[in-house]
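Reader: I have a new model open on my screen and would enjoy walking through it with you. Shall we start?

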Amino acid sequence: MSNYEHHDYDVLIIGAGGAGLRAAIEAKQRGLKVGIITKSLLGKAHTVMAEGGMAAAMGNVYEEDNWMVHFRDTMRGGKYLNNYRMAELHAKEAPERVLELEQWGALFDRTKDGKILQRDFGGHRYARLAHTGDRTGLELIRTLQQKVVSMGTDVFMEVKVLKLVHDDAGRVAGCVAYHRASGEFVTFAAKAVILATGGAGKSWKFTSNSWEGTGDGHAMALWAGAKLIDMECIQFHPTGMVWPLSVRGILVTEGVRGDGGVLRNSLGERFMFNYVAPMFRAETAETEEEGDLWYDDHNAGRRPPELLPRDEVARAINTEVKAGRGGPHGGVFLDIGSRRSAEFIRRRLPSMYHQFMELAGVDITREAMEIGPTCHYIMGGVQVDADTAATAAPGLFAAGEVAGGMHGANRLGGNSLSDLIVFGKRAGAGAADYVLSGQAATSLNQSAVEAAIKEALAPFERTEGENPYTIQHDLQEMMQANVGIIRTQSELDFALGELDKFTERVKNIAVKGGRAYNPGWNLTTDLPAMLAVCKTVALGASFRKESRGGHTREDFPTASEEFSKFNLAHSSNGGNWDSPIETTESPLLPIPQELKALLEEAH
Amino acid sequence: MADVTMKIWRGDASGGEFQNYTIEQNDNEVVLDVIHRIQATEAPDLACRWNCKAGKCGSCSAEINGKPRLMCMTRMDTLPEGPVTVTPMKTFPIIRDLVTDVSFNYAMAAKIPALLPKPMPEGGYRLMQEDVERSQEFRKCIECFLCQDVCHVIRDHEDNKANYAGPRFFIRIAELEMNPLDTNDRREFVREDMGLGYCNITKCCTEVCPEGIHITDNAIIPLKERVVAANYDPVAWLGRKIRRQTKKTSAEAAVQPAP
């Protein structure tokens, strides 16, 4: 063993958001030794920012709701690119996972008869989102955090993982990391590793993601021998703040629309009525009057088009703005103030009220919010086995946003928090079973550890070189301009060329200062992961010559039958951060007949 | 817009000093925007914590012109003209620049006996909205630890940290005590181990809370009343002695996993 601080675990979890914490609880309950690593403080992960709620067909508000309807909604929302088995397990298990949270201290809003209240969101046929005001993510992460702490689990805070390390037999055996506070390196050996690192939106200029969303887990899985799928499918959430510029991209919950808010252009028109795609026409209101009836009784009218899935709404907003019907800051208007009482808005949407009042000086109970699409979520991720969360790399598991397949080409709002708890638990169980099966890794390959550390320290040795912040800034501008919400072949080809140049620039970064809590150095260690994500997104987007969900091609504006049969899977040829990436077709799992019947069911 | 001068404390546990950065400031920016601009240009190694930049995660706590605040929710145009001073939270040990070692808070959190809920009936619990609202107020806490920072019991007296949980954890205990499902009793624990008596309700914590939680009025004072009632009311005392046969003590409860 070398001189680095070292820890041994049965199950090591990278990431302490909803999926990581839920996985930890499960593995711990199986009696295993569990360690959790987070690059922030405990309780600050991106889960905390989720607002609207978690989707679970509990039937508390509409008893007609059940897992079959939820499964159907999820598959339709995902434009059938989903791993059907994940969508099935998710729909079946989410209600039980939500009820479990109450036993651990979560306090959801209630119906009049004391059950968990459920709210409407886009693409869900019934009011289905369990929630606590508009801070449901906080409620989820705090509950899981407190549960994990009460179980005495080891949590390593502000530790940044650089790379997964294998054993000599090629199984994933742990990782090499460093303490951000001291800059000292640390190694972890584990019989199984669960990636729960969240998303990758920080590579775009306008994003709801924090500094953490750099796709570390996506990249580490790729380098470790797993496959990434559906990377071209990026969710641009329709409603991000657009003004002031300094807060551009910050999320405005879909709950605003679920609770009665509508979208208008600069002419005051509810333009969404003009953007109802054929596949949603049968279930969408034709007039404002019909849509307004729906809020109180879903059987009295069909849903208003503001509550179409997010990809549909984001594209519509983009089109309105391009046509010159946008607001003064390049967005459109989200109006709830003229439609609901001030008291209702402050009770149902307290943090939105606060956010606009404090940051934009806008009183949302009286004025409309100006909003526009913001990079929010990546549907793509590590290809996993639905039941066990196992990846193609032995010993490596993945759950939550870093995993791919569950949401297909587009995620429905509210399906993310429920994804975390359903597949967090499954990953914990899958990893535990793997550990107990006795096939697990036993030792870290020390030369790989040394190589990763040498690479991490190299930027300190360069006296001349680029500032990592400049590279990150340029990368965000480039991705926003060329691999954004609407894509075309010439821009994607340009982007792929640019990404090769960024790779060379990253090799020439010089870091100023010491190793202790140095954000410039930390960003330097994030950039290879960001590039891996950007490259797979651009490759997938270039390859998929059609428009589907969170992937829209100007030059191929409709969905194609040919591309409906497979995911695009990326693997690394070499396992180093600058190794070439190979892209292949990975056929979709065939859907059993009884589930297929649910998809075709008219209503 | 005109440039602004930021006086930022830089250093580590061994010492440090203010450094001045004169930098461009745009309309409607918050303090964190300006800190980020300094990081991206003059000082890439300037240490500060942040995550959500929307007042939801409680990471970017600091003292701005001497007042404990979130950097992401403090607009530059609300501060008086002239240089803006940014210093790390005083109550916690310095790691580097604006980053402090807040592990004290995580250690206190780990001591608190967890929720011990009534068994869940088939189909889930039935709870009325008015019964969950009291605890929901405390669960709005984003753990920015500004209340801990401003609390003079630990801000000015390092020794008290061993025996004093601070406002953040008084509201956590109040939340659990007021949770309609809970069967635990933390009154002795909060008095003996968490030092509730040290708090002399100056309300500094309530004033700095970015979530507007009524820490003193809705959590600490009711908690003090419960503890007093338990200790000086002979009927309550007797009841507690009897109930202890079924309720867990704080030490037992601390190790007891919830279902």
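Reader: Happy to begin with confidence. Over which residues of chain B does pLDDT stay under 50?

Author: Good place to start, since this is a predicted model. Chain B has a mean pLDDT of 91, and 89% of its residues reach 70 or more. The stretch under 50 has 13 contacts beyond four places in sequence in the model. The stretch in question is residues 254-259 of chain B.

Reader: Thanks! On to the aromatic rings: is the pair of Phe397(A) and Tyr434(A) stacked or edge-to-face?

Author: A search of the whole structure gives 16 aromatic pairs over all chains. For Phe397(A) and Tyr434(A), the centres are 5.7 Å apart and the planes make an angle of 65°. Planes over 60 degrees apart count as edge-to-face. With 65° between its planes, this pair is edge-to-face.

Reader: How many residues apart in sequence are the parts that this pair ties together?

Author: Phe397(A) belongs to strand S16 (residues 396-398) of chain A, while Tyr434(A) belongs to helix H12 (residues 415-436) of chain A. Phe397(A) is buried at 3% relative accessible area, and Tyr434(A) is buried too, at 11%. Because one ring is in the strand and the other in the helix, the pair ties together parts whose separation in sequence is 37 residues.

Reader: Which ring does the charged end of Lys507(A) sit over?

Author: Chain A offers a couple of such arrangements to look at. Lys92(A) lies over the face of Trp67(A), 4.6 Å from the ring centre. The charged end of Lys507(A) is 6.0 Å from the centre of its ring, which belongs to Trp577(A).

Reader: Now the interior. Which helix gives the most to the largest nonpolar core?

Author: That core has 237 residues, and those touching the most other members are Phe188(A), Leu396(A), Met6(B), Met71(B) and Phe170(B). Beyond its neighbours within four places in sequence, Met6(B) has contacts that include Tyr21(B), Ile38(B) and Val86(B). A second, separate core of eight residues includes Phe71(A) and Leu595(A). The helix giving the most to the largest core, with 12 residues, is H16 (residues 519-543) of chain A.

Reader: Lastly, how many residues does domain 2 of chain A bring to the contact with domain 1 of chain A?

Author: The domain assignment gives chain A domain 1 (5-233 + 379-436) and domain 2 (236-375). Their centres, taken over C-alpha atoms, are separated by 28 Å. Domain 1 of chain A brings 31 residues to the contact, and domain 2 of chain A brings 34 residues.

Key:
Residues numbered from 1 in each chain as written. Chains lettered and ligands numbered in written order. Predicted model: local features only at pLDDT ≥ 70, side-chain atom pairs only at ≥ 80, totals over all residues. Heavy atoms only, no water. pLDDT = per-residue confidence, 0-100. Contact = heavy atoms within 4.5 Å. Phe/Tyr/Trp six-rings, centres within 6.5 Å; stacked < 30°, edge-to-face > 60°. Helix = DSSP H or I, 4+ residues; strand = E, 2+ residues; numbered from the N terminus. Buried < 20%, exposed > 50% of the residue type's maximum accessible area, 1.4 Å probe, protein only. Lys NZ or Arg CZ within 6 Å of the ring centre and 35° of its normal. Core = buried A, V, L, I, M, F, W, Y, C linked by side-chain atoms within 4.5 Å. Domains from an automatic or database assignment.
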